[in-house]
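Let's read a structure together, one feature at a time. Have the model open beside you as we go.

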Amino acid sequence: MIVGVVLLPLPALLLGARRLGHRSGRASLDDRADRVELVLVVLGRLAGLLLLFVLSGITLLSCVGGLVKDLTVPSLVYVFFVADLLVASLVVLTVGRRGQRPARRSRNPARR
């Protein structure tokens, strides 16, 4: 479980934190609606990242503590681990994708 948390949720947390305030190219005609939309998007992303941070912390702390003390991990840790992977995949799929780059214009072989 430690390897699973280190491979997907922690990079997703860093990626999501880096692109927290990133805006898409869309803008509405009303400035107030545009600000409200931005606040809602940032708050939603922040809530997802906070959930990801808490789930990753609990999972890592329980697994490392179980290894050090030579104990079995409680069954709820497995549920947190699966929830952590699901939230991390949600963050990667929504925040991690980049907008499409504009297509390059084809060069005309004729002289200009």
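Q: Which residues of helix 3 meet which residues of helix 4?

A: This is a predicted model, and a helix pair is best read from both sides. On the helix 3 side the contact is made by Gly48, Leu49, Leu51, Leu52, Leu55, Ser56, Ile58, Thr59, Ser62 and Cys63. Facing them in helix 4 are Val77, Phe80, Phe81, Ala83, Asp84, Val87, Ala88 and Val91. Sorted by class, the contact of helix 3 with helix 4 has 13 nonpolar residues, four polar and one charged.

Q: How do I describe the geometry of that pair: at what angle do helix 3 and helix 4 cross?

A: Give the approach of the axes, the angle and the handedness. Here the axes of helix 3 and helix 4 come within 9 Å and cross at roughly 145°. The crossing of helix 3 with helix 4 is left-handed.

Q: Let me step back to the whole fold. How many helices and strands are there in the protein?

A: The protein has four helices and zero strands. Read from the N terminus, its elements run α-α-α-α. Sequence separation adds to the picture: among contacts between residues at least 6 apart in sequence, 79% join residues at least 24 apart.

Q: And what share of the residues counts as buried?

A: Of the 112 residues, 20% count as buried. For the surface, look at area and at the atoms that supply it. The protein exposes about 9,000 Å², and carbon and sulfur atoms supply 65% of that.

Q: Which residues make up the largest nonpolar core?

A: The general idea first: in soluble globular proteins, nonpolar side chains tend to be buried together. In this model the largest nonpolar core holds eight residues: Ala12, Leu13, Leu49, Leu52, Leu55, Val87, Ala88 and Val91. Helix 2, helix 3 and helix 4 are the elements that give two or more residues to this core.

Q: How should I read helix 2, and which of its residues are buried?

A: List the buried positions, then ask what lies over them. Helix 2 spans residues 9–18, and its buried residues are Pro9, Ala12, Leu13, Leu15 and Gly16. Their cover includes helix 1 (2–7), helix 3 (31–69) and helix 4 (75–94).

Q: Where do helix 2 and helix 4 touch, and which residues make the contact?

A: Start with the axes again: those of helix 2 and helix 4 come within 9 Å and cross at roughly 35°. Helix 2 passes helix 4 in a left-handed crossing. Pro9, Ala12 and Gly16 of helix 2 make the contact with Asp84, Leu85, Ala88, Val91 and Val92 of helix 4. By class, that contact of helix 2 with helix 4 has six nonpolar residues, one polar and one charged.

Q: Now a single residue. Is leucine 52 buried or exposed?

A: For a single residue, combine its place, its accessibility and its contacts. Leucine 52 is found in helix 3, and it counts as buried because its relative accessible area is 0%, below the 20% cut-off. Leaving out residues up to four places away in sequence, leucine 52 touches Pro9, Ala12, Leu13, Asp84, Val87, Ala88 and Val91. The C-alpha atoms of leucine 52 and leucine 10 are separated by 8.5 Å, although these residues are 42 apart along the chain.

Q: What does leucine 49 touch?

A: With residues up to four places away again not counted, leucine 49 touches Ala12, Leu13, Gly16, Ala17, Leu20 and Val91. Among these, Ala12, Leu13 and Val91 belong to the largest nonpolar core, as does Leu49.

Q: Where is valine 95 placed, and is it buried or exposed?

A: Valine 95 lies in the segment after helix 4. Valine 95 counts as buried, with a relative accessibility of 8%. Beyond its neighbours within four places in sequence, valine 95 is in contact with Leu15, Gly16, Arg19 and Arg45. Its C-alpha atom is 8.9 Å from that of alanine 12, and the two residues are 83 apart along the chain.

Q: Could we finish with a contrast: what is the accessibility class of valine 41?

A: Valine 41 lies in helix 3, and at 35% relative accessibility it counts as partly exposed. Aspartate 70, in the loop between helix 3 and helix 4, is exposed, with a relative accessible area of 70%. For backbone angles, look at phi: aspartate 70 has a positive phi of about 60° although it is not a glycine.

Notes
Residues numbered from 1 in each chain as written. Predicted model: local features only at pLDDT ≥ 70, side-chain atom pairs only at ≥ 80, totals over all residues. Heavy atoms only, no water. Buried < 20%, exposed > 50% of the residue type's maximum accessible area, 1.4 Å probe, protein only. Contact = heavy atoms within 4.5 Å. Axes fitted to C-alpha atoms, helices over the stretch in contact; angles between N-to-C directions. Left-handed = near helix turned anticlockwise from the far one by under 90°. Nonpolar A, V, L, I, M, F, W, Y, C, P; charged D, E, K, R; others polar. Areas by Shrake-Rupley, 256 points an atom, 1.4 Å probe, with all protein chains shown as cover. Core = buried A, V, L, I, M, F, W, Y, C linked by side-chain atoms within 4.5 Å.
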